Every structure is written in structure tokens, then in C-alpha cells.
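Biologist: I'm new to this one, so please pick a single part and take me through it slowly. I'd like to hear what it packs against and which residues do the touching.

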Amino acid sequence: MLIDAFIADAGAGQKRFALLLDPAHVAGAGLPALLEGAAGDGVDYLFIGGSLANAQATEQLAELARRHSTLPVILFPGSPQQLTHAAHAVFFLSLISGRNPEYLIGHHVAAAAQLEHMALEVLPTGYLLVDCGRPTSASYISNTQPLPYDKPELARYTALAGQYLGLQLLYLDGGSGAMRPISPRMIQAVRAAVQVPLIVGGGLRTAEDIAQALAAGADVVVVGTALEQDPKRELLRELTQAVRGFIAAG
Ligand code: 1GP
């Protein structure tokens, strides 16, 4: 089960790298080669999804990922329409930074009616959006206000509430294409309060960004936009090396 791997890795201090593929953005002839090399290049997980992805594009991308890679494929859905048998698992996201009931329980009911008949592993995940410099599609589409950038204590208690509710993973996200990453202070504040594995993404573009997020307590770092804009294996290797290097240094 993937949840066991997340928990065991985080407990052992094994940091992980996730490549986020947004079906609405990624395309191109180079994708199969990138996917084929991904495991060897240091990628641990493939996350698939986005705020505006449609069902067909999500399924096609998940199938492509399965065909060209042996990595775990996890859906990161913007809506229940993005569920597909082609993936291994799905982040069952509760948007706990927001106050929109549709993203706290509404969509989940519609999703449950599908998931009951699917073999996808369901990963109960508290999702915290953080204001990292500009409005993102995730906050706009979900009609929620993100946590303020400079209020680590709000993130801390939101995360702790999520853990008390029984959520097994927490995803701290500046949103796709964030202007800057979530502050190390906020990651530290959350890390100090919760024991569940902590996934951090949004605006991570350089090896230094990644090293800072890991040093602050992230267990899994997620990169999407940087590699969409520059889908080169050299950059991918440089970013994953920051994760491997951190393990070696740690
Ligand atoms: C967004 O955390 C992911 O939900 C990744 O963000 O696209 O900015 O890398 P970026």
C-alpha cells in the first residue's frame, strides 16, 4: 500500500521527489522519454491532475505514465471527473485551509460513489493552500481563500486539526506556478505540530528551493511548473539530486 510507504519513508527520514503532470499543460513528443527516464533520474512518484484537467486528458496521461514508467501514479484531482482506473492511487483531498463545503465533503460524496467500484488506493489527505504571491487556479476554482503567507501559526493549527480529524497525509501547497515557495518558517511550524507525512509543493524551481523545503521538514517535494516550462532531463536530475543529496547529508 502506498500509504505505508509514505509513512515508513517519512519515519525513516527518506525524502521523496514527486513530478506533477497537469493534463491541461503537459504535452509534447518528449514526454514518453522523460517518463521512461524518470525513475532512473530520481523521481519517486508521478502525480497527475490539475484544476482544469478534463476526464479524457487525465485518463490518457495516466495511461501514458503507466506505459512508460514503473513509478507509482497518484491522482491529484481537481474534481471527481478526474478519477480513472489507469492510476494506482488518489489523493482524497480535503481542502482544510478553505471554508467551501464542496471541497470539504461535497465532491467527496460524488467521488465515493465512483471509488467504491474502483481499485484505486484512497489516500486521505489534508490539503492546505497558501498564498504565495498571486492568486492561483486552485484558490480561484475552489473559491477559497488561501492561508496568509506570513501566518505560520494558522497553518500549524489547520494542519493539526487535519491530523486530529484522522487525515493521513498533509499537502502544503502554494499552488501551481506560485511566485515563491512556501516559507521554511511555515513548513517548520507545521512539521513541529504533526506526525503525518508532509508533502510540499508550489513554486519550487531550483535545487536550493528544494533543499530549503526538505531542511524545514517536508517529506515529499512536488515540482510541476518548473519542468513543464523546461522539460529537460538535466534540470530534472539537478532537482532530484537535491533530494538525494539531502539524504546523503542527513
Ligand atoms: C501545484 O504543488 C504543485 O499544486 C506544484 O506546483 O507547478 O508551482 O511546481 P508548481
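Modeller: Let's follow helix α7, starting with its partner α8: the crossing of α7 and α8 is right-handed (the near helix is turned clockwise from the far one by less than a right angle; anticlockwise would be left-handed). Before going further, keep in mind that this is a predicted model, where local features need pLDDT of at least 70 and side-chain atom pairs count only at pLDDT 80 or more, while totals for chains, interfaces and linings use all residues. Residues are numbered from 1 along each chain as its sequence is written, and side-chain values use heavy atoms, with hydrogens and water left out.

Back to the pair. Helix α8 covers residues 207-216, and its axis runs 8 Å from that of α7, at an angle of about 30° (axes are lines fitted to C-alpha atoms over the stretch in contact, and angles run from 0 to 180 degrees between N-to-C directions). That angle is why α7 counts as roughly parallel to α8 (the label is for angles under 35 degrees). Both helices are DSSP runs of H or I with at least four residues, numbered from the N terminus.

So which residues touch? On the α7 side look for P184, I187, Q188 and R191, and on the α8 side for Q212, A213 and A216 (contact means heavy atoms within 4.5 Å). Sorted by class, this contact has four nonpolar residues, two polar and one charged (Ala, Val, Leu, Ile, Met, Phe, Trp, Tyr, Cys and Pro are nonpolar, Asp, Glu, Lys and Arg charged, and the others, Gly among them, polar). The charged one is R191, and the polar ones are Q188 and Q212.

Now swing round to another neighbour of α7. Helix α6, residues 152-164, packs with α7, residues 184-193, at an angle of about 35°, and their axes are 8 Å apart. This crossing is right-handed too. From α6 come P152, A155, R156, A159, L160 and Q163, and they meet R185, M186, A189, V190, A192 and A193 of α7. The tally for this contact is nine nonpolar residues, one polar and two charged. Q163 is the polar one, and R156 and R185 are the charged ones.

To put the picture together, try colouring α7 by partner. P184, I187, Q188 and R191 go with α8, while R185, M186, A189, V190, A192 and A193 go with α6.

Note on methods
Helix = DSSP H or I, 4+ residues; strand = E, 2+ residues; numbered from the N terminus. Parallel < 35°, antiparallel > 145°, perpendicular 65-115°, else oblique.
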